[in-house]
Structures are given as C-alpha cells and as structure tokens.
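Welcome! Here are a few exercises to work through with the structure at your side. Try each task before you read its solution.

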Amino acid sequence: MVQELAFAKINLTLDILGKRSDGYHSLQTIMQSLDLADVVELEKSDAIELKISGNDSLPTDENNLAFRAVLAVNKACGKNLGVIINLSKKIPAAAGLAGGSSDAAAVIRGLNRLYNLNLTAEKMCEIGAQLGSDIPFCIIGGTCLAEGRGEKLTPLPALKNFSVVLIKPRGEISTAWAYKTYDENSTANHISTFEIIEMLRAGDYGSAFKNFANVLEAVAVKKIPAIETYKNFLLENGAEFALMSGSGPTVFTLTDELTAKKIAANFEGNAQIFITKTRND
Ligand code: C5P
C-alpha cells in the first residue's frame with residue numbers, strides 16, 4: 001500500500017492572454033500549493049476500483065479524473081495495472097482549488113511508487129497534461145509560473161510561510177463555463193505577471209499583494225455574488241488582500257497565523273472556511 005497527499009492549490013495571479021486554435025486559453029498564472037490535502041491510498045489489485053469518503057456526490061468510475069489517471073498511466077506504460085484507490089476528500093470540489101486535478105496527480109505519483117514504474121517527473125507531467133491542464137502543477141507542487149494552457153511550468157522561489165484563509169461560498173463553477181463566459185464578456189485588464197514575480201523574488205509581499213489579480217473573478221461574481229461578499233469580509237477583518245482562486249468560487253488571503261485565527265473566529269456565513277498554510281514542495 002502507498003499513501004500520497006493530494007494538495008490543494010491557489011492561483012496568486014491568473015491572466016488570460018488569448019484563445020488558442022485548440023479552444024483552450026493561453027494563460028499566465030502563478031500557482032501555489034497548500035497544506036490542505038485529500039488523502040489517496042493505493043493498493044495493488046486485479047481491477048481498477050475507486051472508493052471515496054468525505055464527499056457523496058463524486059463519481060467513482062471513468063467520470064472521475066482519479067480513475068482516468070490509472071487508465072492514462074496504463075496507456076503510457078503499455079500495461080494493464082489494477083489498483084484499489086481509497087480517496088478521502090478534504091478539498092471542496094469544483095471550488096477553484098484543483099481538488100480533482102490533485103487527486104489525479106496523486107494517483108499518477110502513487111502508481112509510479114506502487115508498481116516501481118520509474119516514471120520521471122517530466123513523464124508524469126506529460127501523462128497528467130493529457131487529463132487536465134492543472135495536473136502537471138499538482139505533480140510538481142510548490143510555487144510555479146504556469147503558461148501555455150497551464151501545463152508549462154517554471155518553478156519559482158518558495159514564498160515565505162503564510163497562513164492561508166480559504167472561504168468556499170455555496171455553489172460550484174465549472175472551469176469550462178468560466179472560460180466560455182469570459183470570452184463572451186472579455187474586457188479584462190491584463191496582469192503584470194513578471195513584475196509580480198520580481199516583487200515576490202525580492203520579498204516585497206506588500207506590493208505583490210496589491211497586484212495579485214484574477215481575470216476570471218468578474219465572470220464568476222456574476223454567477224455567485226457571495227464571492228464579493230466574502231472578499232469584503234476578509235478585507236474588513238484584517239486581510240491585506242482578497243482574491244478568487246482559479247475559476248472560483250473559493251476566495252482566499254495570505255496572512256499571519258494570528259490574523260487567520262481572528263478571521264475564522266469572526267466568520268459567520270453560509271460557506272465553508274478553512275485555515276491552512278502555503279507549502280514549499
Ligand atoms: O484542462 P481542463 O480539462 O482542466 O480544462 C477544463 C476546461 O476549461 C476546458 O475544457 C476548457 O474549456 C477550459 N480551459 C481553457 N483554457 C485553459 C484551461 C482550461 O479554456 N488553459
């Protein structure tokens with residue numbers, strides 16, 4: 001049996017540079033892993049079986065990325081490996097935190113260990129990229145600039161350790177819907193991603209925080225206005241900035257432990273709140 005942790009991610013910036021001929025969007029996004037994680041246990045077996053606890057509404061067949069990850073590894077290796085996957089969900093689904101992508105990444109890493117497949121990180125990222133744009137980042141983790149459709153990664157220096165407050169409003173946003181609606185309404189200003197990377201490198205977090213932005217936020221707020229409400233709640237309770245992650249609807253801030261605890265203590269609302277930390281690996 002092997003165990004892998006499937007870490008959640010946030011996007012500190014998310015800019016869309018344009019639409020590609022394959023229908024995807026060219027991105028520039030700074031991604032950051034968090035300690036909040038699903039637990040994925042893998043056991044050798046003859047067939048593929050996915051068992052999920054902590055979320056009753058997720059599929060346990062080919063409609064789940066974690067299941068498809070096994071098929072993708074088998075195809076890439078020319079094998080027919082079976083596995084029982086016990087997935088314990090902690091990361092909310094369809095929340096902008098890459099929960100499903102991270103589970104798939106953990107399955108790829110876990111199969112590599114369970115069956116001694118000797119797949120390089122690069123090969124695992126290549127397999128992951130076929131399943132979803134965020135999966136290569138979930139395989140590598142840490143802090144990265146992601147470009148292309150999200151699969152081209154440049155590792156960045158680790159941030160200082162921050163406490164992270166996540167607020168997941170009720171409702172879900174499908175990534176495909178967010179990008180499609182963005183295309184229909186796009187008037188977004190672009191983000192100075194490389195300047196922000198320099199601010200982070202210099203440890204000038206105050207300036208970086210002022211410049212963090214996500215061009216999908218305006219789209220998501222139209223579907224889930226509570227995004228705005230909870231951003232304001234974070235700002236009113238001592239957060240230096242508040243931003244939506246990915247295609248939403250989760251909002252977050254980076255802060256110190258004391259402020260995070262104060263925010264959690266003051267929180268009232270029909271939403272899930274999590275206090276976690278940034279990860280360096
Ligand atoms: O890659 P993934 O399967 O996670 O993407 C889900 C959907 O989000 C895609 O089908 C596409 O509609 C949209 N998407 C996009 N451009 C990206 C990433 C995702 O348009 N770079």
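A pocket, in these exercises, is an open set of grid points with protein on both sides within 12 Å along at least five of seven lines, and its lining residues have an atom within 4 Å of a point. Please keep in mind that this is a predicted model.

**Exercise 1. Find out which element gives the most to the lining of the largest pocket.**

Solution.
- Step 1: Begin with the space itself, a pocket with a volume of about 1,100 Å³.
- Step 2: Look at its lining of 46 residues, where Leu65, Ser101, Asp134, Thr175 and Ser247 are the closest to the centre.
- Step 3: Collect the elements that supply two or more lining residues: strand 1 (2–19), strand 2, helix 1 (65–77), helix 2 (99–114) and helix 5.
- Step 4: Pick the top contributor, which is helix 5 with 5 residues.
- Step 5: To finish, sort the lining by class, and you get 19 nonpolar, 17 polar and 10 charged residues.

**Exercise 2. Work out where the ligand sits and which residues are around it.**

Solution.
- Step 1: Place the ligand, which sits in the largest pocket.
- Step 2: List its neighbours, taking a residue as near if one of its heavy atoms lies within 4 Å. They are Gly23, Tyr24, His25, Leu27, Gly132, Ser133, Arg149, Thr175, Ala176 and Tyr179.
- Step 3: Sort this shell by class into 4 nonpolar, 5 polar and 1 charged residues.
- Step 4: Match the shell to elements. Strand 2 (25–45) and helix 5 (175–185) each provide at least two residues, and the largest share, 3 residues, belongs to helix 5.

**Exercise 3. Trace polar atoms of the protein that lie close to ligand atoms, using a cut-off of 3.5 Å.**

Solution.
- Step 1: Start with the oxygen atoms of the ligand. A polar side-chain atom of Ser133 is 2.5 Å from a ligand oxygen, and for His25 a polar side-chain atom is 2.6 Å from a ligand oxygen.
- Step 2: Turn to nitrogen: a ligand nitrogen atom lies 2.9 Å from a polar backbone atom of Arg149.
- Step 3: Consider the cover as a whole. Alone, the ligand would expose 450 Å², and the protein buries 74% of that.

**Exercise 4. Locate the cis peptide bond at Pro249 and the positive phi of Ala98.**

Solution.
- Step 1: Recall that most residues other than glycine have a negative phi, and most peptide bonds are trans.
- Step 2: Go to the loop between strand 8 (243–244) and strand 9 (251–255), where Pro249 is found. The bond from Gly248 to Pro249 is cis, with omega near 5°.
- Step 3: Move to the loop between strand 4 (82–88) and helix 2, which holds Ala98. Phi of Ala98 is near 60°.

Terms used
Residues are numbered from 1 along each chain as its sequence is written. This is a predicted model: local features need pLDDT of at least 70, side-chain atom pairs count only at pLDDT 80 or more; totals for chains, interfaces and linings use all residues. Side-chain values use heavy atoms; hydrogens and water are left out. A polar contact is a pair of N or O atoms within 3.5 Å; within protein, one must be able to donate a hydrogen and the other to accept it, and residues adjacent in sequence count only if both atoms are side-chain atoms. Accessible areas come from the Shrake-Rupley method with a 1.4 Å probe; for residues, only the protein chains shown count as cover. On a 1 Å grid over the protein atoms alone, a cavity is a set of points where a 1.4 Å probe fits but cannot get out, and a pocket is an open set with protein on both sides within 12 Å along at least five of seven lines; lining residues have an atom within 4 Å of a point. A molecule sits in a cavity or pocket if more than half of its atoms lie within 2 Å of its grid points. Helices (H or I, at least four residues) and strands (E, at least two) are DSSP runs, numbered from the N terminus. Ala, Val, Leu, Ile, Met, Phe, Trp, Tyr, Cys and Pro count as nonpolar, Asp, Glu, Lys and Arg as charged, and the others, Gly among them, as polar. Grid points are joined across faces, edges and corners, and a volume is the space filled by probe spheres set on the points.
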